[in-house]
Amino acid sequence: MTEISRQELIELQQDSHKLLSELVTSEGIYASSNIGWEGPYYAWFGRDSSITADFIFASLEYGGDRELASVAIGALKSFAKWRGKKNDSTTGEESGKIPHEIRVEFNSVHAVQHAARTNAQEWFIDPSDNTLKNWDTADATSLWILAILRGHKQLD
């Protein structure tokens, strides 16, 4: 195995920062930069957003980008608006739960299934906000809480 040169590390950091700057928005942190049919993962995922933000916050100890970290914590706070409002065993929604996935780009379950090339119906359209939601997660809420705490600690 060859060692990575300092220049290669700098280039990797620059490439990573450029991509993260596209994915981390004030509305949420996207899991993919590809939009539409080419990007079935162009959505907000509770667990993925929390892990990405947590890495951004951890990087501050090593000179990471505070502006990007500020956007990331804003994205996590924005994601909180999707928290479960009620307990519903038919959808998996639970009061206070951070969802697995939120999609605002598609207007039907069929469109998402076509984009993701799946026939399984893991999403439902919430009639209260006409948004596709997937509640199938056991760890998004705890990861979200940990990321929020680290973000506040690192940014305060």
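These are my notebook entries on a predicted model, covering the sheet, the charged pairs, the aromatic pair and a surface patch.

**Entry 1: the sheet**

I started with the strands. Four of them make an open sheet, and the order I wrote down is E1-E2-E4-E3, with antiparallel pairing. Which strands stand at the edges? They are E1 and E3 (124-126); each has a single partner strand, so one side of each has no neighbour in the sheet.

Next I went through the pairings across the sheet. E1 and E2 (residues 101-103) are held in the antiparallel sense by two bridges. E2 and E4 also run antiparallel, with three bridges joining them. For E3 and E4 I again noted three bridges and the antiparallel sense.

Then I looked up who faces whom. Phe45 is opposite Glu101 of E2, and Glu101 in turn is opposite Asn134 of E4. On the E3 side, Phe124 has Lys133 in E4 as its bridge partner.

I also checked how the chain gets from E3 to E4. The two strands form a hairpin, with four residues between them. One of the turn residues, Asn130, has a positive phi of about 55 degrees.

**Entry 2: strand E4 up close**

I wanted to know which way the side chains of E4 point. In a regular strand, side chains alternate between the two faces of the sheet. Here Thr131 and Lys133 point one way, while Leu132 and Asn134 point the other way. Are these four buried or exposed? All are buried.

Lys133 got a second look, given its charge. It sits in strand E4 and has a relative accessible area of 6%, so it falls under the 20% cut-off for buried. What does its side chain touch? I found a polar contact of 3.0 Å with the side chain of Asp129.

**Entry 3: salt bridges**

How many salt bridges are there in the whole structure? The search gives five. I followed up some of them, including the three below.

Asp139 and Arg47: the closest N and O atoms are 3.1 Å apart. This pair links distant parts of the chain, 92 residues apart. Asp139 is in the loop between E4 (131-134) and helix H5 (140-155), and Arg47 is in helix H2 (residues 46-59). Asp139 has 26% relative accessibility, so I put it down as partly exposed. Arg47 is partly exposed too, at 28%.

While I was at Asp139, I looked at Thr137, which is in the loop between E4 and H5. The side chains of Thr137 and Asp139 are joined by a polar contact of 3.3 Å. Thr137 is buried, with a relative accessible area of 11%.

Arg103 and Glu101: the closest N and O atoms are 2.5 Å apart. Are the two partners buried or exposed? Arg103 is at 2% relative accessible area, which means buried, and Glu101 counts as buried at 3%. Glu101 is the residue from Entry 1 that stands opposite Asn134.

Glu94 and Lys97: the closest N and O atoms are 3.9 Å apart, and the pair counts as a salt bridge because the cut-off is 4 Å. Glu94 is partly exposed at 43% relative accessible area, whereas Lys97 is buried at 12%.

**Entry 4: aromatic pair**

I searched the whole structure for aromatic pairs and got one. It is formed by Tyr30 and Trp44, with the rings 5.4 Å apart, centre to centre. How do the planes sit? They are tilted, with 40 degrees between them. This pair also links distant parts of the chain: Tyr30 is in the loop between H1 and E1 (44-45), Trp44 is in E1, and 14 residues separate them. Both came up buried when I checked: Tyr30 has a relative accessible area of 10%, and Trp44 has 5%.

**Entry 5: a nonpolar patch**

Last, I looked at the surface. Which residues form a nonpolar patch there? They are Ile4, Leu9 and Leu12, and together they have about 290 Å² of accessible area. I picked Leu9 to follow up. Leu9 belongs to helix H1 (residues 6-23). Its relative accessibility is 48%, so Leu9 goes down as partly exposed. The bar for joining a patch is over 30%, and Leu9 passes with its 48%.

How values were computed
Residues are numbered from 1 along each chain as its sequence is written. This is a predicted model: local features need pLDDT of at least 70, side-chain atom pairs count only at pLDDT 80 or more; totals for chains, interfaces and linings use all residues. Side-chain values use heavy atoms; hydrogens and water are left out. Patches are made of residues with over 30% relative accessible area and no salt bridge: like charges are joined within 9 Å, nonpolar side chains (Val, Leu, Ile, Met, Phe, Trp, Tyr) within 5 Å. Accessible areas come from the Shrake-Rupley method with a 1.4 Å probe; for residues, only the protein chains shown count as cover. A salt bridge is a side-chain nitrogen of Lys or Arg within 4 Å of a carboxyl oxygen of Asp or Glu. Buried means under 20% relative accessible area, exposed over 50%, partly exposed in between (1.4 Å probe, protein chains only). Rings of Phe, Tyr and Trp (its six-membered ring) pair if their centres lie within 6.5 Å; planes under 30 degrees apart count as stacked, over 60 as edge-to-face and the rest as tilted. A polar contact is a pair of N or O atoms within 3.5 Å; within protein, one must be able to donate a hydrogen and the other to accept it, and residues adjacent in sequence count only if both atoms are side-chain atoms. Two strands pair if DSSP finds at least two bridges between them.
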